[in-house]
Amino acid sequence: MTSAAPAPEVFQATLESCRPLPNQSRLFLCVIGSATNKKLPRFDAGQHVQISFSLEGEEYSQTLSIASGPEKSNWEFIVAKPETKGPATAFLALSKGDTIRVSKPAGTFTLDRIQHPHVALVGGGAGLAPLRSMILSFTAKGCGFSPKSVVLWHGARCIEELAFQREFENLQSHSLFDFYYQPCVSKQGLVSGRKIIANRVDEAFAKSLGLGDHSAPESSFW
Ligand SMILES: Cc1cc2nc3c(=O)[nH]c(=O)nc-3n(C[C@H](O)[C@H](O)[C@H](O)COP(=O)(O)OP(=O)(O)OC[C@H]3O[C@@H](n4cnc5c(N)ncnc54)[C@H](O)[C@@H]3O)c2cc1C
């Protein structure tokens with residue numbers, strides 16, 4: 001006799017809001033909260049969840065990294081709107097108050113295993129989500145791991161598309177640790193007067209490490 005595998009744990013949540021980030025046409029900030037009196041489960045910064053929902057009679061499933069700090073009861077996501085129709089487009093078409101199902105947070109892209117005093121994070125677009133969660137977790141008291149210094153290399157096409165730029169700039173003067181924010185823009189020739197590098201973030205970061213020219217076709221990154 002074989003026993004059936006236990007059903008994966010699923011949490012009922014509600015879409016609280018979903019709107020484009022300021023100056024963005026492609027990146028959305030979506031917030032969900034528990035739909036019951038039971039809190040959403042705890043997670044480690046850097047983890048992702050599987051979100052399932054139905055829209056117009058069709059079932060969808062979408063993997064998203066949690067972009068908010070683990071101490072918050074509502075979860076934020078950064079969702080990139082794709083060119084093609086699929087789960088992400090359907091998710092962005094949901095309305096405030098719609099019910100969604102959320103899996104237990106999973107993933108090993110977390111800092112608890114590392115615990116080094118100096119942390120360098122490199123990313124852009126929706127890939128910023130797990131990095132933002134990590135940075136916010138460092139700023140929360142009692143998160144367990146307190147690095148001495150954190151550097152964020154953040155890439156976007158132009159200055160306007162640097163999501164959460166103000167938040168990261170503010171963090172440089174208020175953080176509990178030494179935080180350094182390095183924005184990089186790939187499609188803007190002139191960024192005079194500001195501490196912004198006019199280059200793709202991966203290339204700029206590699207150069208800063210003395211790794212030479214790592215140019216790759218632009219389409220492979222964006
Ligand atoms: C660990 C991880 C974390 C991620 N974090 C983020 C994040 O924070 N933000 C973000 O924007 N993206 C994130 N992604 C990417 C995200 O999961 C999607 O792949 C991305 O949003 C593209 O979505 P898409 O709608 O084009 O669908 P894709 O997942 O790329 O799949 C498109 C395909 O879905 C198929 N499809 C059609 N209908 C359905 C359906 N009903 N259900 C399922 N599939 C269907 C079709 O064949 C279509 O071609 C993450 C991915 C992973 C693996």
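**Exercise 1.** Determine how the residues of the shell around the ligand divide by class.

*Solution.* Start with the model: it is predicted, local features need pLDDT of at least 70, side-chain atom pairs count only at pLDDT 80 or more, and totals for chains, interfaces and linings use all residues. Residues are numbered from 1 along each chain as its sequence is written, and side-chain values use heavy atoms, with hydrogens and water left out. A residue is near the ligand if one of its heavy atoms lies within 4 Å of it. There are 17 residues around the ligand, and Glu59, Thr63, Ile78, Ala80 and Ala88 come nearest. By class, the shell holds 10 nonpolar, 6 polar and 1 charged. Asp, Glu, Lys and Arg count as charged, and Gly is among the polar residues.

**Exercise 2.** Find polar contacts of the ligand with Gln62, Thr63 and Pro87, then state how much of the ligand the protein buries.

*Solution.* A polar contact is a pair of N or O atoms within 3.5 Å.

1. Gln62 places a polar side-chain atom 3.1 Å from a ligand oxygen.
2. Thr63 has a polar backbone atom 2.7 Å from an oxygen atom of the ligand.
3. For Pro87, a polar backbone atom is 3.1 Å from a ligand oxygen.
4. The ligand taken alone exposes 960 Å², of which the protein buries 53% (Shrake-Rupley method, 1.4 Å probe).

**Exercise 3.** Which elements give two or more residues to the shell around the ligand?

*Solution.* They are strand S4 (58–65), strand S5 (75–80) and helix H1 (87–92); helices (H or I, at least four residues) and strands (E, at least two) are DSSP runs. S4 gives the most, with 7 residues.

**Exercise 4.** Describe the class make-up of the lining of the second largest pocket.

*Solution.* The lining has 6 nonpolar, 2 polar and 5 charged residues.

Conventions:
Polar contact = N/O pair within 3.5 Å; in protein donor to acceptor, adjacent residues only side chain to side chain.
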